[in-house]
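Please look at the structure below and follow, step by step, how the protein chains meet the DNA.

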Protein chains: 2
Amino acid sequence: MSNSLPTPAGPAGTASSRVFDHLRKDLVGGRFVAGEKLAINALKDRYQVGLSPLREALNKLAAYGLLVQENQRGFRVPKLSRDELDDIAQMRLEMEGMALERAIAKGDSLWEADLLAAAHRLKRADITLDKGEEWEHLHTQFHRTLVAPCGSVWLLRFIEQLHDQFDRYRRLGPKMPTIRQELDEQHHQLVELALQRDAKAARALMDDHIHKSYEVALKRYQEHV
Amino acid sequence: MSNSLPTPAGPAGTASSRVFDHLRKDLVGGRFVAGEKLAINALKDRYQVGLSPLREALNKLAAYGLLVQENQRGFRVPKLSRDELDDIAQMRLEMEGMALERAIAKGDSLWEADLLAAAHRLKRADITLDKGEEWEHLHTQFHRTLVAPCGSVWLLRFIEQLHDQFDRYRRLGPKMPTIRQELDEQHHQLVELALQRDAKAARALMDDHIHKSYEVALKRYQEHV
DNA sequence: GTAGATTAAAAAATCGATTATTTTGTCTAA
DNA sequence: TTAGACAAAATAATCGATTTTTTAATCTAC
């Protein structure tokens, strides 16, 4: 996939790619206030990095949609809005539904194994009572695995981007264990339907899953305003 | 649309945004060889800009998908492939079809006027025998106008991105006047169907339009390899 | 000859300082 | 008071030089 975003940079990566990954996580995880203007000098200290790599990371994040750049007045965290949340959720419905159907048509047995593994890891992390980012990462990974063999690099790319945007809403507040459990069960049902190659039922469930997630995100958003 | 790419920066914009716009045009217009490694120092001279703003522009283009960035080894122009062209075309079918249906459902009379105007300008430019980028710009503008009132910022954003990618293939070689005329007629038929609010027929025509464009792009790609 | 090590040249990434622009605060005149 | 002008401070953008890493070239041991 020659066009995908750089994979997370380990200790060997450049300063720019490391701060990009870190900032992306923090932006998606709600560590910044929506609408906030970023104080570049403060970020320099916070992420222990020089001005040049920092600015390069900020530029990438702006092109990716996690920041807004205004000429001569730096970078801000994009505002949140009900309309945009609705937009993002609807786009997720269309695109992840499409991707899931294709993945079910194309996925091989290696995919089946990966999917089971991803679901298992996610469930385990849930039991181990979610220390920080761990569950979030495995959750992202699960959804990524689910649609991975859809055959379209661009579809996957857009879905990833939409997930990041969606999570800015979903992760506004603290955990909601009640709904969470319901959503977790759907993950396993999704695996089952995928293994049975029941595209229609899987898509319906995916729609429901996204819709329930949307309700969580909307509640968070409304509480947060 | 708080999240869209920066609008073209006039003389008042920053060096970074100006070189971004320029590079974007050149990349889409096939002024670079696919797969080519970019010599940053050469670009500095070519675009008359310092290293910092240039690198910021390159970073944005990489996040946008018009460049590939490899840690510690700079930037390259993405390779072209048949598979990717197919992917892009299929995504265009799905997304522009969706956008057009929604635009027809939502567009008001101002949109109708804009659409007629955009189509007219495009036709005129065609008669005036296309001096350089002019036709390309009006063509982009026409397609943008067509789907503009679809109501989804993210859908529009993705379509824009796909157009840029698609045009890397379509604009590989010289003009093809024969097919071009056929495609130009479709632009007017699209306007007509849009004004009649015939979503179904409009979408069918759009599918055909994209399919014909795809055939042009594919031919160009195959000749170019 | 050829794989592997060594060095020299080139290129990428980063730093520290400078310049340009915006923002803030203060003052003045209606 | 309050709109507008001005100056001072803060911030953004850019430059030029330095450091780091990769690439190319050369050499050596088998």
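In this predicted model, DNA strand D is surrounded by 19 residues, and the closest of them are A:Arg55, A:Gln72, B:Ala15, B:Gly50 and B:Ser52. Of the atoms of DNA strand D that come within 4 Å of the protein, sugar and phosphate account for 77%.

Individual contacts can be followed from both chains. In chain A, an N or O atom in the side chain of A:Arg55 is 2.8 Å from a phosphate oxygen of DNA strand D, while a polar backbone atom of A:Gly74 is 3.4 Å from a sugar or linking oxygen of that strand. In chain B, a polar backbone atom of B:Gly50 is 3.1 Å from a phosphate oxygen of DNA strand D. The elements that give two or more residues to the surface near this strand are H3 of chain A together with helix H1 (15-28) and H3 of chain B, and H3(B) gives the most, with three residues. By class, the residues of this surface divide into six nonpolar, eight polar and five charged.

Turning to DNA strand C, we find 19 residues around it, the closest being A:Ala15, A:Gly50, A:Ser52, B:Arg55 and B:Gln72. Here a backbone N or O atom of A:Gly50 lies 3.0 Å from a phosphate oxygen of DNA strand C, whereas B:Arg55 places a polar side-chain atom 2.9 Å from a phosphate oxygen of the strand. For B:Gly74, a backbone N or O atom lies 3.4 Å from a sugar or linking oxygen of DNA strand C. The largest share of the surface near DNA strand C comes from H3(A), which contributes three residues.

Methods: Residues are numbered from 1 along each chain as its sequence is written. Chains are lettered from A and ligands numbered from 1 in the order in which they are written. This is a predicted model: local features need pLDDT of at least 70, side-chain atom pairs count only at pLDDT 80 or more; totals for chains, interfaces and linings use all residues. Side-chain values use heavy atoms; hydrogens and water are left out. A residue is near a molecule or strand if one of its heavy atoms lies within 4 Å of it. A polar contact is a pair of N or O atoms within 3.5 Å; within protein, one must be able to donate a hydrogen and the other to accept it, and residues adjacent in sequence count only if both atoms are side-chain atoms. Helices (H or I, at least four residues) and strands (E, at least two) are DSSP runs, numbered from the N terminus. Ala, Val, Leu, Ile, Met, Phe, Trp, Tyr, Cys and Pro count as nonpolar, Asp, Glu, Lys and Arg as charged, and the others, Gly among them, as polar.
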